[in-house]
Amino acid sequence: MTAAFVDGARRATSQLRHPTGALITLGAVAVVVMVVFLFIDLPGKWEYALGLRSRTVFGMVIAATAIGAATVLFQTITANRILTPGIMGFDAVFLAIQTLVAFAIGPAILVSAPPLASWGVELLLMMGSIVLLYWWLFLKRRLDLHVIVLAGLVLGVLFRSVTGFLQRLLDPDTFAIVQNLTFASFTSIDRELLAPTAILVALSLLSLWPVRRELDVLSLGETTAISLGVDHRRVVMHVIVAIAAMVAASTALVGPVTFFGLIVANLAYGAVGHRHLRSIPAAIAIGVITLVGGQLILSRVLGFGTELPIVIEFVGGIFFIVLVLSGKAR
């Protein structure tokens with residue numbers, strides 16, 4: 001029996017070393033984690049509890065899909081494993097929008113506005129500002145992508161500084177409302193926003209299917225991609241629009257999570273390599289395992305002793321430092 005167990009363990013280990021086997025295993029683990037989260041310890045009147053859990057799981061799957069895919073794509077076009085849309089300041093736009101609205105108009109409109117209308121306005125403002133900035137710098141001014149990345153980092157710091165300054169000028173009640181709206185939450189997702197967010201994320205991913213082969217070539221660098229016949233600026237701008245749509249939709253749904261994409265993308269590279277037909281699904285599966293499994297542990301083991309976004313940001317910050325110190329940025 002022991003020999004059979006050892007032989008089975010070896011076969012499982014061998015399968016994990018194969019990219020396709022690793023991807024199938026990650027998908028299976030993600031499904032098991034979701035099923036356990038949905039059906040563990042259901043009360044007598046299970047319909048209501050199952051509905052709440054289904055909403056939470058659906059929201060986590062959408063967030064994992066958007067953030068995981070967007071991070072892999074962003075690291076492809078920047079050729080850097082430590083840059084993410086969150087670190088580049090995409091999330092800072094969301095914080096700035098919430099704070100500016102509260103500062104200029106007051107918190108009442110943030111609280112009383114219909115969720116779908118608020119989500120749509122935030123989505124348009126975030127996606128529009130990001131796409132407009134990159135279009136102007138990358139296509140209009142035709143600046144180098146590395147210069148644009150540097151500009152994004154500087155603008156992200158600028159947005160965060162302005163947001164912090166304006167928040168200090170708010171009265172305590174308004175500040176509390178803004179803090180609540182800008183803090184990531186995976187358990188208080190509005191049901192109305194799930195379908196439109198899922199549709200937008202799905203359309204963004206489907207739009208990239210025609211350029212799926214070009215994405216792998218982009219990983220080789222701009223010069224190599226151009227020499228192999230890829231219209232580098234067109235494809236990169238297409239990818240940036242898709243990233244902006246996914247990040248904006250996810251952030252408007254659950255709030256900003258800076259380091260989550262960094263964790264799942266780099267774990268996906270280690271599991272299945274860098275080919276996008278494998279790395280993107282792997283990042284999504286790892287994201288689902290992380291979010292749903294993490295929430296399951298927090299609720300069943302730790303008794304909600306802390307919030308999942310806080311744990312993710314803490315672990316992600318350490319992971320970021322390790323990547324920088326180990327020299328694995330590229």
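This is a short chat about helix packing and buried residues in a predicted model.

Q: Where do α13 and α14 sit, and at what angle do their axes cross?
A: Helix α13 covers residues 260-272 and helix α14 covers residues 276-300, and their axes, which come within 8 Å, cross at roughly 125 degrees.

Q: So what do you call that arrangement, and which hand is the crossing?
A: The two helices, α13 and α14, are therefore oblique to each other, and α13 passes α14 in a right-handed crossing.

Q: Which residues meet there?
A: From α13 the residues are F260, V264, A265, L267, A268, Y269 and V272, and these meet R278, S279, A282, A283, I286, G287, T290 and L291 in α14. By class, this contact of α13 with α14 has eleven nonpolar, three polar and one charged residues.

Q: Switching topic, which residues have the most contacts inside the largest nonpolar core?
A: Those are Y134, F186, I243 and L291, in a core that has 83 residues. Helix α12, residues 232-254, gives the largest share of this core, with 15 residues.

Q: And what does I243 touch, leaving out residues up to four places away in sequence?
A: With those left out, I243 touches A70, L73, F74, I77, P85 and F90. Apart from the largest core lies another one, of five residues, among them I87, F259, L262 and L323.

Q: What about S204, is that buried or exposed?
A: S204, which has its place in helix α9, residues 194-207, is buried, because its relative accessible area is 6% and buried means under 20%. Not counting residues up to four places away in sequence, S204 touches A242, A245 and M246.

Technical notes. Residues are numbered from 1 along each chain as its sequence is written. This is a predicted model: local features need pLDDT of at least 70, side-chain atom pairs count only at pLDDT 80 or more; totals for chains, interfaces and linings use all residues. Side-chain values use heavy atoms; hydrogens and water are left out. Axes are lines fitted to C-alpha atoms, for helices over the stretch in contact, and angles run from 0 to 180 degrees between N-to-C directions. Helices (H or I, at least four residues) and strands (E, at least two) are DSSP runs, numbered from the N terminus. Angles under 35 degrees count as roughly parallel, over 145 as roughly antiparallel, 65 to 115 as roughly perpendicular and the rest as oblique. A crossing is left-handed if the near helix is turned anticlockwise from the far one by less than a right angle, and right-handed if clockwise. Contact means heavy atoms within 4.5 Å. Ala, Val, Leu, Ile, Met, Phe, Trp, Tyr, Cys and Pro count as nonpolar, Asp, Glu, Lys and Arg as charged, and the others, Gly among them, as polar. Buried means under 20% relative accessible area, exposed over 50%, partly exposed in between (1.4 Å probe, protein chains only). A nonpolar core is a set of buried Ala, Val, Leu, Ile, Met, Phe, Trp, Tyr and Cys residues joined through side-chain atoms within 4.5 Å.
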